[in-house]
Amino acid sequence: MNETLSEHAAQVLEWPRLLDLLAQHAQSAIGAAQCRSLSLSSDLEDARLRQQETTEMVALLEGSDPMPLLTFPDIREHLTRSRKGGALEAGELRDCAVVLALMAEVERYAQAHKAETQALVRVLSPLHNTHSLRGILRAIEGVIQSDGSMKDTASPELRRLTHQAQGLKQEMRQHLEQILHSKRYEDVLQESYFAQREGRYVVPVKADMRGRIPGIVHDVSASRATVFLEPRELVELNNSIKVADLEIEREVQRILRELTALVASNADTIEQGIEVLAECDVIQARAELSRRLKCSSVLLNQDGRILLKQARHPLLLIAKDQVVANDIHMDETIRVLVISGPNTGGKTVTLKIVGLFALMVRGGLHLPCAPESEMAVFTDLYADIGDAQDLSRDLSSFSAHMTRMIHLLSERAARPTSNDCSAPRSLVLLDEPVASTDPQEGAALAEALLCRLAELNMKVVATTHYGALKELAQTTSGFANASVEFDVKQLAPTYRLFIGIPGGSSALEIAGRLGMDESILGDARKRLRHDGRRFDELMADLQRKQRQLIEDTEMAQRARHDAEQAAREAQALRGQLQEAEQDARRGIKKKIGEQFQRARAEVQATVDSLKREQKLIKAKETKQRLHELEAQTRQELVPADKPIPLEQLRIGDAVEIVGLGMMGSLLEMPQGKKRVRVKVGEGEILAAVSNLVGVVREPDATVERPTSPSSNPRRVSASNGLGLDEQAVVDVRGQAADEALDQVVAALDRATLSGAPYLRIIHGHGTGRLKSVLRKYLKESPYVADFRPGDRAEGGDGVTVAKLR
């Protein structure tokens, strides 16, 4: 489209107002200027990249380490002057240093956040070329102070000259103090102070007494009562000070010229860095506007698909606290959307939302709508909204609208012919097309115009009061109706948009709400044709049903959301309970271990005492003590689940052999027997019925778990026929070395107490580490006289048989 149409579209959509709002969030003058002239992308991928830049900047601003402030002075004019050989002032060089320092800071920030700024890297990467400017920054900061003044230490010569001038001025002040307190000047001085005029020190002398003091008059007060006189005796010293100041100024200018030459030689790189800072400031402004309006990044397409959910007008969000959000759906099958309904109901607002959103996505702005929305990228935008009357050109409203339509169609016809089936790249917004003329002729012309625009592959949104256009949208493929709601009970618009349903104008209701005489309204209703009244009533009924359906859908969605939230909370609570249960189990296991350690220590002490005093009475006391330990430990470690009574056990039930700490399955009925066969792992053992405890079998129950030691040794016949005590067999296969060693030590305790001659340790082959650890311990154990690998019948090298002392 031509520039005039584009400018008109921007004005009627209030695009400049939105850009002014964007510029308010910029931090630099250059950034604000670029916001007001925001460039628009016509390429889908570029538009997506800009959206991503804004998204990444929002994340940075909301993070713990936000982007540095992008406030910096505009030094482009300084750079231009430096290129032409002009010397920059100290304050101007200070501004250059501020910009260079900000470039370095932003470049360091970009490096630190490289992983979070994949899209912003494209913008910030040119700052890598500014590394060479850091020498200029150091040079300026070494000479110019932050207030823009020259440092006395800028050069050795400046330091010498400054020191010399300060000495002369100190000498001058001493002379002046003598004059001010001199009897000779007491009567002629107007006041007791000194001043400077034209860079020379003077004293205030009464005008009528100036002849009494020889010297040079440099100024006269406004009242002419005082003259500022340089006494002759100070002339030579003033001359010396003047010369010293001139030499200082020459040295300062020399330094400024040197620094200006440095800036000029790198002006192109500095300007490139300024462009990066300005673009970064624009992105920051886009992100701040997104946060202020609570916008979202949306999916972009070039298929002409507009699927906006909970869309709100961005300028209304600034002006009002509550803004009605609407869904606007125009998929690929809809070329023309006709919006009808009452005046002041929001039809034009909907037009402007679509138009502004089309411009915003091209400028990299987020949209004030739900994040699951989708917006098409249109390369051309035309908007004819509002009164187009132009008296300066003798154009009525109708003529002005027609002129614009003719320009649009002629320009489109002048373009190369394209495939009509391709996706639309032009968006046309028409507010009541072909109005301000005869209704029948206007409706017919509007129908023809919309059909032609659809044939030209344009996406069109139009508002209307024409019934013919509503019928066209309802019956023509590629067309669709929409309406804004009018609350008949409240006699007020609700600003809600319904897709798929045409709406009545509600002109009589609105006129009544505004105060029109009821008799006139009644007469108008009588004059209105019956089919027209019936149509308005039908539309009102459809809108009521549509509103009820939407409310029911929203309630269902809220209920679903609440249910999903409850399910997530329940799942989280379940996880917390499981974790708490695991913590409790770990605590119980730790407590069991500590109890076993205490019991083992007492057993060991008892055994040691028995070995020292091998007397019958001591043996009885030891046996009694072991019974007490067993009873105490069983009481403390009784399982939470109630065990299965012995009389209820059947073949195949799971049982625990308390003395051995093993789990197995019954191979025969235990009732009336002292010993029964129990399958443990791949083998069988003969266990005392009194040591069996029936347990509830769990799907993931382990074969072994720690239990209290038994004080009553029993005999067992293993499947290989070896006659050993129950406590003389310990299976530690698959356990960690520390756990296995604890079980072997406990088994040695039990075997020693029961008088068993051997202990058979089943450790398996594995990597050999467990076998090595156990045999190393057996070498040093005081209970073990000797040990050997098991023979082939006993399990080979996967078994160690220890001979006890």
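Which residues line the second largest cavity? In this predicted model, the second largest cavity is lined by Leu 100, Met 103, Ala 104, Thr 130, Leu 133, Arg 134 and Leu 137. Two elements, α6 (90-112) and α8 (134-141), each give two or more residues to this lining. Helix α6 supplies the largest share, with 3 residues. By class, the lining of the second largest cavity comprises 5 nonpolar residues, 1 polar residue and 1 charged residue. The space in this cavity amounts to about 40 Å³.

Internal space was examined across the whole protein. Rolling a probe the size of a water molecule over the atoms shows where empty space is left. With a threshold of 30 Å³ or more, 2 cavities are counted. The largest cavity holds about 50 Å³ of space. The lining of the largest cavity consists of Asp 384, His 401, Met 402, Met 405, Leu 430, Asp 431, Glu 432, Pro 433 and Val 434. The elements that contribute two or more residues to this lining are the helix α15 (397-414) and the strand β11 (426-431). The largest share, 3 residues, is provided by α15. In terms of residue class, 5 nonpolar, 1 polar and 3 charged residues are found around the largest cavity. The charged residues thus number 3 in the lining of the largest cavity, and 1 in that of the second largest cavity.

The overall fold was then considered. The protein contains 23 helices and 25 strands. Of its 805 residues, 43% are buried. Among contacts with a separation of 6 or more, 67% are between residues 24 or more positions apart.

One of the strands, β6 (residues 306-311), contains Lys 309. Is this residue, Lys 309, buried or partly exposed? Lys 309 has a relative accessible area of 32% and is therefore partly exposed, as the buried class is limited to values under 20% and the exposed class to values over 50%. When residues up to four places away in sequence are not counted, Lys 309 touches Asn 326, Asp 327, His 329, Cys 369, Ala 370, Glu 372 and Ser 373. Pro 368 lies 59 residues from Lys 309 along the chain, and the C-alpha atoms of these two residues are separated by 9.5 Å.

Attention was next given to an open sheet of 4 strands. The strand order in this sheet is β22-β23-β25-β24, and the pairing is mixed. Strands β22 (729-731) and β24 (784-789) form the edges, each pairing on one side only. From one strand to the next, the twist averages 20°. Within the sheet, β23 (residues 758-762) and β25 (residues 799-804) run antiparallel and are joined by 5 bridges. One of the bridge partners is Val 799 in β25, which is matched with Ile 762.

A helix is also associated with these strands. Helix α23 (residues 769-780) lies across β23, β24 and β25. The direction of α23 is at about 150° to that of β24, the latter being an edge strand of the sheet.

How values were computed
Residues are numbered from 1 along each chain as its sequence is written. This is a predicted model: local features need pLDDT of at least 70, side-chain atom pairs count only at pLDDT 80 or more; totals for chains, interfaces and linings use all residues. Side-chain values use heavy atoms; hydrogens and water are left out. On a 1 Å grid over the protein atoms alone, a cavity is a set of points where a 1.4 Å probe fits but cannot get out, and a pocket is an open set with protein on both sides within 12 Å along at least five of seven lines; lining residues have an atom within 4 Å of a point. Grid points are joined across faces, edges and corners, and a volume is the space filled by probe spheres set on the points. Ala, Val, Leu, Ile, Met, Phe, Trp, Tyr, Cys and Pro count as nonpolar, Asp, Glu, Lys and Arg as charged, and the others, Gly among them, as polar. Buried means under 20% relative accessible area, exposed over 50%, partly exposed in between (1.4 Å probe, protein chains only). Contact means heavy atoms within 4.5 Å. Two strands pair if DSSP finds at least two bridges between them. Axes are lines fitted to C-alpha atoms, for helices over the stretch in contact, and angles run from 0 to 180 degrees between N-to-C directions.
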